[in-house]
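Reader: I'd like a close look at one part of this model, the small open sheet towards the end of the chain. Could you walk me through how its strands pair and what packs around them?

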Amino acid sequence: MIVPMLALAAAALGAPPALAQPALAQPALAPPQEARSAPASEGEDRFDTFDPKAERREHRIDYSVWTEALRAFVIDMGPPLRKMPFAGAGTLGTNIRVGHNSIYRLDGAMVGFSLMDVEVMANIGQYRRDLEKVADELDIQSLPRNEQLAYWLNLHNVAMIEQVAANWPERQPREIELDGVPLDEARFITVEGVALSPRDIRERIVFANWKSPEVFYGFWRGEIGGPAMQRTAFDGRTVGQQLADAAGEFVNSRRGTEKRGRTLHVSEYYAEIARYFFPDFEPDLRAHLAEYVEGEVADMLARSERIEPSLYEHDIADLAGGRRNGAFFAKGRLDPGAAALLEQRAQKLRYVRRKMPPEGRIFFSNIDLPGDPDNKSEVE
């Protein structure tokens, strides 16, 4: 078992909603790597080195310290609720609103970027570099496929958190640039000597080597309109169920599906990944959605006559909405916009408890039974 070295321990803050932030360990921040995009003439065979190998080595990477950090600053907004968000209170007796105004603001999960100080951000950057070193010391491509998948998902998401935090406040993550290169295209991640961008990890490595559309739901893009940041690091033993849970949340939320007239409107992200997973777009996507839709959304899918990938929300998935709200705000303290959103979340959860029947979920452990194939839970 390999454990990335940096320990991101959680230390409780004294802010009103009991939110915690990673404790400060070794805050030394290494000089940032130069971000660069790929030249148009650069060959793509350099990504072939990351193709999974046929020979497997039974090693496991432990991401428990990253899970501890995620639980410190990621807030789950509760189950999908297909209604307009609860209105927040005005500021100081006025009708002025602070924080998010997106209709999807109570979906998925939000990250408390306003609570991260310089040392915390330095630790996250160091953790990303620790993950890179793991690949230098361990042949990632020879691990079981689920271990490889968990590694790429976690590395991508750590890198995105690192850069969004470094550029906060920023209303829309897609506006962030590193040395003039858009964040998604910037090759600031280095694995086994190969410079990679977040998009490279998604498309050139994972989408190229895994055929299950579920892998899409594991990648956090920083936007409310995309898959949510999970509060638990991806783990090779459970990554299949983790991705299925993320898919169910996204598909049944308003940012994933919405019916208007006879058209089922879906996230624009589905069009982006169509060439990898939905070559015959509408039939393939319908079959995929049918695996996860429930209740009202299942009825919407059945009654729709066409699908249009038109839903989007590019605002940041941040508690404070990607901006400082109030002249007296200090980083590391609970921002008024974040406090307003947490109050709306509390209203939503009270509504859910009153109006929605309790749901029972059964979880199976990853035990092996006689006759089970070695790869019974492997994500294809």
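Author: Sure. But before the sheet, a quick detour to a spot earlier in the chain, and keep in mind that this is a predicted model. Pro169 sits in the loop between helix 3 (145-166) and strand 5 (177-178), and the peptide bond joining Trp168 to Pro169 is cis, with omega about 0°.

Now the sheet itself. It is an open one made of three strands, in the order 9-10-11, and its pairing is mixed. Strand 9 and strand 11 are the edge strands; each has a single partner, so one side of each has no neighbour in the sheet. On average, neighbouring strands here are turned by 35° against each other, ignoring direction.

Take the antiparallel half to begin with. Strand 9 (residues 257-260) pairs with strand 10 (residues 263-267) over four bridges. If you want a pair to click on, Thr257 has Val266 of strand 10 as its bridge partner. The two strands form a hairpin with two residues between them, and there Gly261 takes a positive phi near 65°.

On the other half, strand 10 and strand 11 run parallel and are joined by five bridges. A handy pair to find here is His265 with its bridge partner Glu308 in strand 11.

Next, the helices. Helix 9 lies across strand 9 and strand 10, at about 55° to strand 9. Helix 8 lies across strand 10 and strand 11 and runs at about 80° to strand 11.

Helix 8 deserves a bit more of your time. Its residues run from 281 to 290, and the buried ones are Leu285, His288 and Leu289. These cover an arc of only 95° around the axis, which means they are on the same side of helix 8. As for what they touch, the buried residues of helix 8 pack against strand 10 and strand 11 (306-311), and also against helix 5 (239-251), helix 6 (269-272) and helix 9 (295-303).

While you have the backbone up, there are two more positive phi values, both outside glycine. Asp179, in the loop between strand 5 and strand 6 (181-182), has phi near 55°. Its side of the story on exposure is simple: Asp179 is exposed, with a relative accessible area of 56%. Glu192 also has phi near 55°, and you'll find Glu192 in the loop between strand 7 (189-191) and strand 8 (194-196). Glu192 is partly exposed, at 26% relative accessible area.

Key:
Residues are numbered from 1 along each chain as its sequence is written. This is a predicted model: local features need pLDDT of at least 70, side-chain atom pairs count only at pLDDT 80 or more; totals for chains, interfaces and linings use all residues. Side-chain values use heavy atoms; hydrogens and water are left out. Two strands pair if DSSP finds at least two bridges between them. Buried means under 20% relative accessible area, exposed over 50%, partly exposed in between (1.4 Å probe, protein chains only). The arc is that of the directions from the helix axis to the C-beta atoms. Contact means heavy atoms within 4.5 Å. Axes are lines fitted to C-alpha atoms, for helices over the stretch in contact, and angles run from 0 to 180 degrees between N-to-C directions.
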